[in-house]
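User: Could you take a close look at one part of this model for me? I'd like a connected walk through the packing there and whatever sits around that spot.

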Amino acid sequence: MTRWKGVGLMVVWREVFPGHSGEVTGDVALSVLEHRYVWPQDSVWVRANMVSSIDGAIAGVDGLSGSLNNEADGEVFAALRGLCDVVVVAGGTVRTEGYEGIEVPAQWCGVRSRLGLPEHIQLVVVSGSGRLPEAVLSPGVGVPPLVATTVVGARRLAGRIDERQLMVCAGERVDVSWVVDQLVVRGMGRVLMEGGPSLLAQAFSAGVVDELALTTVGVLSPGAHRTITDDGSDGGVHPLVGAQLVHQLVATDPMTVAALWRVIRER
């Protein structure tokens, strides 16, 4: 285990590696989070990021994930964004969570420059219907988004955004594997998916997710709630997806566990 204080915050982390014991104490900088969360080089790598309560809820009492977030989760969230090429998010989450645009977290600008990453993070909104708020289509920060949509959605968006921002899937719904392929063609191989749960369910079922960064905060949310891969269906049989723990960061105040899980591919 290694313990350190967080980047610019008084978050104290303890790091746990599978099969490793012992402890070293000290303060370290961005380089630690960079080392833990940097994307593999010369490879297409899809990482999902979600936050939940310890009983699996993806939102607090206001129905938003923001009511679960804290400083510790914010550090990991910033690291994941700061090291990716593109953030993929579903249209429903854009509407619910109020996405408007994406900026590179200030503390990660220098790291991105050193690693040769793009100056800006590309936002991709997945929306088969094309029903998206003006705030995300014409954001005040960052670069204009790409919208992965259907023919029907493209018609609804006509005149609202530049045609070059559209990625039009031929089917009745947007296939998440197709979205990833389109991003790779555009030179964006470090893919971060931020939800919502229906999009993640599709992505895991399609086998396109390589890792899950899951932050668990020390609260309970009694009652019925959605989990991070709840696709909203009425049930049915869904195969389990195996995963192996890469590392685990534990912030003791407030209690928060940030785990990185590597998806186990079927042989």
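Analyst: Leu199 is buried, with a relative accessible area of 4%, and that is well under the 20% cut-off for calling a residue buried. Keep in mind that this is a predicted model. Leu199 lies in helix H8, which spans residues 197-206. Leaving out residues up to four places away in sequence, Leu199 touches Val88, Val89, Ala90, Val126 and Val176. There's also a longer-range pairing to look at: Ile228 is 29 residues away from Leu199 along the chain, and their C-alpha atoms are 9.6 Å apart.

Leu199 has company inside its own helix. The buried residues of H8 are Pro197, Leu199, Leu200, Ala201, Ala203 and Phe204. Just past the end of H8 comes Gly207, with a positive phi of about 75°.

Now follow one of those contacts. Val176, which Leu199 touches, belongs to helix H7 (residues 176-185), where the buried residues are Val176, Val179, Val180 and Leu183. Looking down the axis of H7, these buried residues fall within an arc of 95°, so they line one face of the helix. The N-terminal end of H7 is capped by Asp175, with a side-chain oxygen 3.0 Å from the backbone nitrogen of Ser177. After H7 you get Gly187, and here too phi is positive, near 80°.

Going the other way along the chain, past H8, you run into strand E10 (residues 211-217), which is mostly covered: six of its seven residues are buried. E10 has a partner in strand E4 (residues 45-53), with seven bridges joining the two in a parallel arrangement. Within that pairing, Met50 stands opposite Leu214 of E10. Strand E12 (residues 255-263) is also joined to E10 by seven bridges, but this pair runs antiparallel. There, Val217 has Thr256 of E12 as its bridge partner.

The residue I'd zoom in on in E10 is Glu211. Glu211 is buried, with a relative accessible area of 2%. Its side chain makes a polar contact with the side chain of Arg262, at 2.6 Å. Outside the four places either side in sequence, Glu211 touches Trp45, Val46, Arg47, Ala48, Val246, Leu260, Trp261, Arg262 and Val263.

Finally, the nonpolar cores. The largest one has 35 residues, and the members touching the most others are Tyr37, Trp108, Leu123 and Val136. At least two residues of this core come from each of helix H1 (30-37), helix H2 (71-82), strand E5 (86-90), strand E6 (122-126), helix H5 (134-137), helix H6 (151-157) and E12. H2 gives the largest share, four residues. As for Trp108, setting aside neighbours within four places in sequence, it is in contact with Leu30, Leu33, Glu34, Ala78, Ala79, Gly82 and Leu83. A second core, separate from that one, has 30 residues, including Val88, Ala90, Leu200 and Val208. That ties back to where we started: Val88 and Ala90 are among the residues Leu199 touches, and Leu200 is one of the buried residues of H8.

Terms used. Residues numbered from 1 in each chain as written. Predicted model: local features only at pLDDT ≥ 70, side-chain atom pairs only at ≥ 80, totals over all residues. Heavy atoms only, no water. Buried < 20%, exposed > 50% of the residue type's maximum accessible area, 1.4 Å probe, protein only. Arc of directions from axis to C-beta. Polar contact = N/O pair within 3.5 Å; in protein donor to acceptor, adjacent residues only side chain to side chain. Pairing = 2+ DSSP bridges. Contact = heavy atoms within 4.5 Å. Core = buried A, V, L, I, M, F, W, Y, C linked by side-chain atoms within 4.5 Å.
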